[in-house]
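Q: Got a minute to go through a model with me? I'd like to talk about its packing and its cysteines.

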Amino acid sequence: MRLALFDLDHTLLSGDSDLLWCEFLLREGLLDPTLDERNRRMAGAYTAGSVTPADYCNFYASTLAGRSEAAWLPLRERFLHEVIRPRIPDDARALLQRHREAGHTLLLTTATNRLVSGLTAVDLGVDHHIATELEVVDGLLTGRTQGVLNMRTGKVERLRAWLQERALPEAALKQATFYTDSINDLSLLSVVRQPIVVDPDPRLELTAARKGWTVLRFRR
């Protein structure tokens, strides 16, 4: 099995799912307006690579507290159709299709939690989806995360656990291709055979130039 791994935000998607989801909920009147500034600060800190995984993932998990996953579904569907689909460039879909036609296994790996990114994964037609998981108690989201956060070194840890669950060799990760824009993914870029950066953030662009990694530019 040949794995093709893909980051989501600012890679396959022109924008950040968490930032866009928060803005969507603010427009719907479902979040305190004071969270708008914090949302933007959090997204900026993520791009800079200066926010901790716990602070980042738990902030966005907190916006979902008090409802069941089923209760969120109508808003998630609107979010996909109104906000996400228009931001997926043709170049991203074409890239996925090339790997599909080559017989590769497509895996989306994102720090964005599963509730926000799940429908996007289905729409992109990937084979597998690893995301930050959310805690549910008595059928309701608690506003907290659960398990290993799928961010930075957590992406490598979660992928290794995913391989182990399927009795697949560690070599499958070492032979993989990985596409991302973010310096936050340096740990995963460093263990795959073919690291490819897509419209990289400033820190990753410098790293890619130093290491001689391939850089792609999407028409967005």
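A: Sure, let's go through the cores, one helix, a serine and the cysteines, keeping in mind that this is a predicted model.

Q: Okay, how many residues are in the largest nonpolar core?
A: That core has 50 residues. Those with the most contacts inside it are Phe6, Leu12, Trp21, Tyr56, Trp72, Phe79 and Leu115.

Q: And which helix gives the largest share of this core?
A: Helix H1, residues 17-27, with 7 residues.

Q: What is Trp72 in contact with, leaving aside its neighbours within four places in sequence?
A: Trp72 touches Trp21, Leu25, Thr63, Leu64, Arg67, Leu115 and Leu141.

Q: What about another core, apart from that one: how many residues?
A: The other core has 20 residues, among them Leu3, Ile130, Ala172 and Leu188.

Q: Switching to helix H10. Which residues are buried there?
A: In H10, which spans residues 202-211, Leu204, Thr207 and Ala208 are buried.

Q: Where do those buried residues fall, seen down the axis of H10?
A: They fall within an arc of 100°, so they line one face of the helix. That fits the usual geometry: an α-helix has 3.6 residues a turn, so residues three or four places apart point the same way.

Q: Which exposed residues are on the face turned away?
A: Pro202, Leu206, Ala209 and Arg210 are the exposed residues on that face of H10.

Q: And what covers the buried residues of H10?
A: The cover includes S5, H9, strand S6 (194-198) and strand S7 (214-216).

Q: What follows H10?
A: Gly212 does, and its phi is positive, near 75°.

Q: Now Ser182. Where is its place?
A: Ser182 sits in the loop between strand S5 (177-180) and helix H9 (186-189).

Q: Buried or exposed?
A: Ser182 is buried, with a relative accessible area of 1%. Leaving aside neighbours within four places in sequence, Ser182 is in contact with Tyr46, Leu189, Asp201 and Leu204. Leu204 is also one of the buried residues of H10.

Q: Last topic, how many disulfides does the structure hold?
A: It holds 0 disulfides.

Q: Why no bond for Cys22?
A: Because the closest cysteine sulfur, in Cys57, is 13 Å from the sulfur of Cys22, too far for a bond. A disulfide would need the two sulfur atoms within 2.5 Å.

Q: Are those two cysteines buried or exposed?
A: Cys22 counts as buried at 0% relative accessibility, and Cys57 counts as buried at 5%.

Terms used. Residues numbered from 1 in each chain as written. Predicted model: local features only at pLDDT ≥ 70, side-chain atom pairs only at ≥ 80, totals over all residues. Heavy atoms only, no water. Helix = DSSP H or I, 4+ residues; strand = E, 2+ residues; numbered from the N terminus. Buried < 20%, exposed > 50% of the residue type's maximum accessible area, 1.4 Å probe, protein only. Contact = heavy atoms within 4.5 Å. Core = buried A, V, L, I, M, F, W, Y, C linked by side-chain atoms within 4.5 Å. Arc of directions from axis to C-beta.
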